[in-house]
Amino acid sequence: MKEDPSALWRGSSEELLKALHILTRDGKLNADSRRKLKQVHHLAQLIEPLIRNLHSSESGLTVVDMGAGKSYLGFILTDLYLKNLAGARMVSIENRPELIERSRKLASDSGFSIMDFIASTIGEAQVEGKVDLVTALHACDTATDDAIRFGLRHHARAFALVPCCQAEVSAQLGEIPSAERSPLYRQALHRREFGSHLTNVIRTLYLSSLGYQVTVTELVGWEHSMKNELILAEKKSGPEHPEALRSKQQLEELLLAFPIRPTLLK
Ligand SMILES: C[S@@+](CC[C@H](N)C(=O)[O-])C[C@H]1O[C@@H](n2cnc3c(N)ncnc32)[C@H](O)[C@@H]1O
């Protein structure tokens with residue numbers, strides 16, 4: 001059966017997708033754009049329930065996207081859900097000023113006045129006012145940890161994170177003398193995969209130890225991307241809750257078992 005390509009962007013305006021260069025001028029998709037659009041649309045749909053839960057007519061809603069790149073996610077969230085939501089604000093943070101400039105112009109041309117763009121590293125980003133939801137789609141290596149730390153500093157009520165390739169913990173496991181390395185990470189390839197897995201487990205346990213309810217799922221089928229783990233976290237309790245205390249203990253046990261120092265916990 002032939003695929004209807006417009007099903008991939010149902011709800012988003014075709015003009016916006018052309019301006020983002022996701023669609024060609026004649027409305028076509030190449031393979032890379034198809035993959036990206038599918039990911040971003042799917043992520044937006046998974047984020048939509050959080051937007052509904054977190055928005056209030058009194059205080060609105062602020063979403064901050066970290067390592068935004070060309071701000072595909074911010075534009076699609078704005079187009080689909082935020083532009084007509086009272087008091088909604090979408091802030092994109094990206095350390096490449098030329099991408100920020102381009103996105104700022106596109107937002108202005110599209111009439112998306114609720115969008116703000118900040119050219120900064122995540123670690124140094126200054127966002128005024130409250131932050132409700134932090135998103136980070138494929139923020140490189142430890143940039144996902146910086147996004148979590150930023151969100152925690154701003155008392156974010158939820159996170160939607162799709163981590164990117166992870167090198168930090170794998171490198172730290174490589175510093176362990178080879179005779180002492182567990183077979184779990186003795187081979188370089190296993191070290192990379194295991195380091196990445198360990199990092200994401202630490203991220204989920206850390207958020208859970210602070211009272212966030214965490215779910216980890218696949219974003220889209222593996223054929224679309226190898227960086228496909230989606231961590232959704234929503235604040236439900238405090239660090240004294242039994243579930244949070246259990247996660248804290250499990251995190252401590254994990255850190256005793258593996259001599260690593262991930263950015264998130266530094
Ligand atoms: C793989 S791209 C993903 C872009 C976008 N989120 C997407 O999925 O289309 C990662 C982006 O994060 C930015 N980045 C990486 N580390 C960063 C940091 N510490 N602070 C701000 N931006 C960062 C890079 O410049 C790049 O544009």
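A residue is called buried when its relative accessible area is under 20%, exposed when that value is over 50%, and partly exposed in between. These terms are applied below to a predicted model.

The ligand sits in the largest pocket. A total of 15 residues surround the ligand, and among them Lys-36, Gly-67, Glu-94, Ile-122 and Leu-137 come nearest. Sorted by class, this shell comprises 6 nonpolar, 6 polar and 3 charged residues.

Polar contacts to the ligand involve both backbone and side-chain atoms. At Gly-67, a backbone N or O atom lies 2.8 Å from a nitrogen atom of the ligand. A backbone N or O atom of Ile-122 is likewise placed 2.9 Å from a ligand nitrogen atom. Asn-95 contributes a polar side-chain atom, which lies 3.0 Å from an oxygen atom of the ligand. The ligand taken alone exposes 590 Å², of which the protein buries 80%.

The structure holds 0 disulfides. For Cys-140, the nearest cysteine sulfur is that of Cys-164, at 5.1 Å. A disulfide requires two cysteine sulfur atoms within 2.5 Å, so Cys-140 is in no disulfide. Cys-140 has a relative accessible area of 54% and is therefore exposed, the cut-off being over 50%.

Cys-165 is also in no disulfide. The cysteine sulfur nearest to that of Cys-165 belongs to Cys-164 and is 3.6 Å away, whereas a disulfide needs a pair within 2.5 Å. With a relative accessible area of 49%, Cys-165 is classed as partly exposed, because this value falls between the limits of 20% and 50%.

Technical notes:
Residues are numbered from 1 along each chain as its sequence is written. This is a predicted model: local features need pLDDT of at least 70, side-chain atom pairs count only at pLDDT 80 or more; totals for chains, interfaces and linings use all residues. Side-chain values use heavy atoms; hydrogens and water are left out. A residue is near a molecule or strand if one of its heavy atoms lies within 4 Å of it. A polar contact is a pair of N or O atoms within 3.5 Å; within protein, one must be able to donate a hydrogen and the other to accept it, and residues adjacent in sequence count only if both atoms are side-chain atoms. Accessible areas come from the Shrake-Rupley method with a 1.4 Å probe; for residues, only the protein chains shown count as cover. On a 1 Å grid over the protein atoms alone, a cavity is a set of points where a 1.4 Å probe fits but cannot get out, and a pocket is an open set with protein on both sides within 12 Å along at least five of seven lines; lining residues have an atom within 4 Å of a point. A molecule sits in a cavity or pocket if more than half of its atoms lie within 2 Å of its grid points. Ala, Val, Leu, Ile, Met, Phe, Trp, Tyr, Cys and Pro count as nonpolar, Asp, Glu, Lys and Arg as charged, and the others, Gly among them, as polar. Buried means under 20% relative accessible area, exposed over 50%, partly exposed in between (1.4 Å probe, protein chains only).
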